[in-house]
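Trainee: I have a new model open and would like to go through it with you. Could we take it piece by piece?
Mentor: Happy to, so let's put it on the screen.

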Amino acid sequence: MMTDPQYPPPTTARHGRPAPPVTATERRQANAKPGRNILAIVGLLLGVAALVVTFVPDIGFVAWPLAGIGLVLAITGLVQVKKGTVGDRGLAITALVATVAALLTTAGMLLYSTFLGGGESGLHLPAVSGDKHTVTFQVTSAGGATVRYGSLSDQRTENAPASTDAWEGAASYNNGSYLLTLTADTRNSNMTNEISCAILVDGKKVAENSGTTIALCTANVN
């Protein structure tokens, strides 16, 4: 007596239905390697740049935005790694560490320059020997003038003589930001008096103005 040949039962899915065949596209996607993590690469470059800029005088403040943007890109790149859309997990972690290190280094340099390495803070009127920065206030007034100079929080008043020679006042500071002001107005309101003013920081002119009865100069310094 002949019997029918035994065949293996068809493959079924979890719910009893045949599993759909794997397409060639799905097979390629499964075997494809994740793409490069561009955000992590850019974040790492910004973090390294921030670390370098931190130690460059006069432009160290640029490190803040560089490290901040780099940190955001590094975190975004790490999130994409966890989603599986890109690879380079180690690179993303390195970028995160570099940007955080840049932020901490920049903060440390700021604290050092403000409280440890910058000397006594504040605008000094008159100037103090040994301060890092010097400020010179200049006024020229043919008919004499009353001069008020300093910052918004600390000012001095003197009289400029009736002379074509420039009157000068001096100040100095180590660190901090200040709004320097210099006002010169004539002592004789019945006469026209050509007045000019100027503010110099470390010998470089940062503000100048002139008028017939009054001259006002202001400058932000840090």
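Trainee: Which residue follows H3, and what is its phi near?
Mentor: Keep in mind that this is a predicted model. Look just past the end of H3, at a residue whose phi is positive. The residue there is Gly-84, with a phi near 85°.

Trainee: What distance separates the end C-alpha atoms of H3?
Mentor: H3 covers residues 63-83, which makes 21 residues. At 1.5 Å a residue, the helix should span 30 Å, and the model agrees with that. The end C-alpha atoms are apart by 30 Å.

Trainee: Within what arc do the buried residues of H3 fall?
Mentor: Start with the buried set: Ala-63, Ala-67, Gly-70, Leu-73, Ala-74, Gly-77, Leu-78 and Val-81. Seen down the axis of H3, the buried residues line one face of the helix, because they fall within an arc of 140°.

Trainee: And which residues are exposed on the other side of H3?
Mentor: Exposed here calls for over 50% relative accessible area. On that other side of H3, the exposed residues are Val-72, Lys-82 and Lys-83.

Trainee: Let's step back to the whole chain. In what order do the elements run from the N terminus on?
Mentor: The protein chain has four helices and eight strands. Reading from the N terminus on, the order is α-α-α-α-β-β-β-β-β-β-β-β.

Trainee: What share of the contacts with a separation of 6 or more comes from residues 24 or more positions apart?
Mentor: One such long separation involves Tyr-178 and Asn-220, which are 42 residues apart along the chain, with their C-alpha atoms separated by 5.8 Å. For the protein chain, residues 24 or more positions apart account for a share of 65%.

Trainee: Is Tyr-178 buried or exposed?
Mentor: Tyr-178 is found in strand E5. The cut-off for burial is under 20% relative accessible area. Tyr-178 has a value of 15%, so this residue is buried.

Trainee: Which residues touch the most other members of the largest nonpolar core?
Mentor: This core holds 25 residues. E1 (133-141), E2 (145-151), E4 (163-173), E5 (178-186), E6 (195-201) and E8 (214-221) each supply at least two residues of the core. In soluble globular proteins, nonpolar side chains tend to be buried together. The members that touch the most others are Val-135, Phe-137, Val-139, Leu-180 and Leu-182.

Trainee: How many residues of E2 are buried?
Mentor: E2 pairs with E3 (residues 155-160) in the antiparallel sense through six bridges, and a hairpin of three residues joins E2 to E3. E2 also pairs with E5, again antiparallel, over seven bridges. The strand is mostly covered, and its buried residues number six of seven.

Trainee: What is the bridge partner of Gly-150 in E5?
Mentor: For the pairing of E2 with E3, you can look at Thr-146, which stands opposite Asn-159 in E3. For the pairing of E2 with E5, go to Gly-150, whose bridge partner in E5 is Thr-181.

Trainee: Which residue in the turn between E6 and E7 has a positive phi?
Mentor: E6 and E7 (residues 204-211) pair in the antiparallel sense over seven bridges, and Cys-197 has Asn-209 of E7 as its bridge partner. The two strands form a hairpin with two residues between them. The residue in that turn with a positive phi, of about 55°, is Asp-202.

How values were computed:
Residues are numbered from 1 along each chain as its sequence is written. This is a predicted model: local features need pLDDT of at least 70, side-chain atom pairs count only at pLDDT 80 or more; totals for chains, interfaces and linings use all residues. Side-chain values use heavy atoms; hydrogens and water are left out. A nonpolar core is a set of buried Ala, Val, Leu, Ile, Met, Phe, Trp, Tyr and Cys residues joined through side-chain atoms within 4.5 Å. Buried means under 20% relative accessible area, exposed over 50%, partly exposed in between (1.4 Å probe, protein chains only). The expected span of a helix is 1.5 Å times one less than its number of residues. The arc is that of the directions from the helix axis to the C-beta atoms. Two strands pair if DSSP finds at least two bridges between them. Contact means heavy atoms within 4.5 Å.
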